[in-house]
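Me: Please examine the model shown here. I should like the reasoning behind each label that is applied.

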Amino acid sequence: MKKIAAALLLLLSLSSCGRQKEKLYIYNWADYMNPDVITAFEKSANCTVVMNYYDSNEALYAKLKAGAEGYDILFPSSYMSKLMQEQGMIREIDHSRLKNLANIDTKYLALTVDKEMKYSVPYMVSYSGIAYDKTKITDFKPTWAMFERSDLAGRITLFNDMREVIGAALKFNGYSYNTTNEQELEKAQATVIQWKKNIAKFDVDEAKRGLSSGEFVMIHAYSGDALQLMDENENLAFAIPVEGTSIAQDDFVIPKDAKNLDLAYKFIDFMLEAENAKENMEFVYYWSPNNAALKLMDKEFLENEAVTPSKEIMEKSDFLLDMGDKNELYTRVWDKIKSAN
Amino acid sequence: MYATAAVLFFFYLPIIIVIGQSFNSSRFGGSWKGFTLNWYVKLFTDRNIWHALTNTLLIAASSTLLAVILGTLAAWVLYKYKSRIQVAHNVIIYLPLVLPDILMGISLLLFFVALKVTLGLFTIFIAHVTFSLSYVAMVVYGRFQDFDYSILEAARDLGATWNQAVRKVLIPYLLPGIAAGGLLAFTLSLDDFVITFFVSGPDSTTLPLYIYSMMRHGSPAVINALSVILVLFTFIVVISSKKLGEGKK
């Protein structure tokens with residue numbers, strides 16, 4: 001008994017060591033930052049970075065809203081940053097403290113939710129699109145209309161995600177991912193019900209495995225996932241439909257009650273440095289709108305459509321926004337799609 | 001016989017697949033891409049995983065210890081005293097068993113925030129004791145159902161002090177229940193996600209929290225490798241505890 005108590009005490013004292021160094025508390029997605037870059041930051045700022053993880057934007061919001069505090073930097077997606085800003089949960093960004101802010105691509109910024117980086121700084125960007133097997137679909141065209149092809153029936157999948165699937169159909173019909181117009185939504189509903197006849201299932205994770213093993217020939221996929229798949233299987237390719245697609249961006253934001261502001265700004269600035277942003281990009285396979293870092297990247301990496309979409313497509317694409325009470329419209333359409341035969 | 005084998009096979013097949021996949025060099029595990037120990041190397045060099053694992057074990061061990069003590073006491077009181085207060089007590093003990101985790105997580109979080117308790121390992125510890133206490137109490141209480149109180153009285157008649165009677169008669173009788181309750185509490189604490197998510201603070205990530213978040217960007221293959229090690233660990237614990245039990249006989 002005494003031994004156990006002693007061991008527990010020892011563990012406790014171990015976990016609280018290093019008190020002399022300052023600590024920076026980060027709330028992030030797992031595996032979303034190169035550990036070597038974090039270690040480099042710890043050395044340069046002489047501090048300890050403590051990482052914590054959440055698994056969805058909604059969980060992050062619920063937890064902070066209920067009053068949890070103690071974090072210095074968060075990484076919500078842009079629709080969630082906007083919501084948190086509206087509710088006064090995050091701070092305005094003080095541009096004078098981030099000298100590397102100039103690295104951010106201003107042309108890209110003009111398309112985003114927080115165009116002036118008032119409360120958020122972009123970290124990584126990903127898109128949804130279509131991943132497919134080049135050897136099995138020789139006449140592939142980059143369009144959402146691929147889901148209409150009945151010759152591929154049973155070998156293709158769509159996301160199991162209300163906003164992404166209805167959004168793709170909205171784009172296919174020439175509307176925005178964030179529409180609240182009921183007629184447009186109805187049209188999209190008819191389109192998805194048409195597509196549903198051809199798809200094997202609505203799925204996100206199993207579909208990746210299915211594409212890599214040959215069970216499926218074409219799947220609705222996120223760019224980062226597609227790149228990882230292509231890394232392993234050279235028969236696979238990724239395309240962004242010409243009609244446009246959805247863009248998801250994760251931001252650096254600083255919560256209202258952050259205790260270590262100095263260190264938080266130092267951290268963000270450090271991650272915006274060209275070399276570090278490059279290392280992070282290579283680690284997570286996503287595109288970062290950091291001009292200085294992009295200059296250092298491999299040409300091959302950048303020319304890949306799964307990493308850098310063309311400007312025309314970017315302009316046609318939408319950031320998913322929080323719908324608030326209008327979410328119900330989407331839920332209703334989604335229910336009808338799911339129950340249709 | 002064959003039916004048993006089939007059922008066992010069915011139960012263990014997923015674990016066997018996980019073990020196989022942990023050596024598969026494909027990061028998605030769709031098809032076999034060759035043998036690799038890469039995921040194990042990644043696992044052992046990832047300081048975040050080890051930090052999370054330390055937190056998890058620390059909380060599981062400490063919360064089990066306290067839950068076993070409090071749970072056994074609660075069971076004893078429920079058995080010994082029958083009054084209206086005990087009926088209420090019974091309901092209160094029962095409640096966490098049926099309460100949805102999310103409700104408990106959010107309400108504990110609101111409670112801690114209202115009391116201005118800093119979220120961290122301590123709040124996770126309290127939360128885990130809260131729910132595992134009920135499981136221990138119920139299992140030990142079950143053991144009490146067949147308990148004949150007169151053997152305690154007999155011990156006292158034969159000259160044992162109250163302390164001796166408890167130590168030499170009551171505790172040994174309850175031990176299987178206490179052990180089972182303790183194991184249950186330990187496993188529940190080890191893999192709890194929902195409640196832990198809400199009451200965890202900065203610097204108190206546990207393994208389940210880490211694994212759930214890894215699903216989005218991380219490599220499932222590292223999780224496979226981790227699972228294999230956990231399974232191995234469990235087998236070692238079960239086999240050695242069985243060996244110990246045999247030794248005593």
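The exchange below takes each label in turn and sets it against its definition.

Reply: This is a predicted model, in which local features need pLDDT of at least 70 and side-chain atom pairs count only at pLDDT 80 or more, while totals for chains, interfaces and linings use all residues. Residues are numbered from 1 along each chain as its sequence is written, and chains are lettered from A and ligands numbered from 1 in the order in which they are written.

Me: What makes the radius of gyration of chain A agree with that of a compact globule?

Reply: The radius is taken over C-alpha atoms, and the globule rule is 2.2 Å times the number of residues to the power 0.38. For 341 residues the rule gives a value near 20 Å, and chain A has 22 Å, so the two agree. The C-alpha atoms of chain A fill a box of roughly 65 × 55 × 45 Å along the principal axes.

Me: Why are residues of helix α4 of chain A called buried?

Reply: A residue is buried if 20 or more other C-beta atoms, placed from the backbone, lie within 10 Å of its own. In α4(A), residues 78-86, the residues that meet this are A:S78, A:M80, A:S81, A:K82 and A:M84. They pack against α3, β9 (246-252) and β10 (318-319) of chain A. In chain A as a whole, buried residues make up 43% of the 341 residues.

Me: How do you know what counts as a helix or a strand in chain A?

Reply: Helices (H or I, at least four residues) and strands (E, at least two) are DSSP runs, numbered from the N terminus. By that rule chain A has 15 helices and 10 strands.

Me: What makes domain 1 and domain 2 of chain A touch?

Reply: The bounds come from an automatic or database domain assignment, which gives domain 1 as 21-125 + 248-303 and domain 2 as 126-247 + 309-339. Two residues are in contact if their C-beta atoms, placed from the backbone, lie within 7 Å. By this criterion, 14 residues of domain 1 of chain A are in contact with 12 residues of domain 2 of chain A. The largest share of the domain 1 side, four residues, comes from α4(A).

Me: How do you know which parts of chain A are in contact with chain B?

Reply: Under the contact criterion, 30 residues of chain A are in contact with 32 residues of chain B. On the side of chain A that touches chain B, α8(A) gives the most, with five residues.

How values were computed:
Buried ≥ 20, exposed ≤ 12 C-beta atoms within 10 Å, placed from the backbone.
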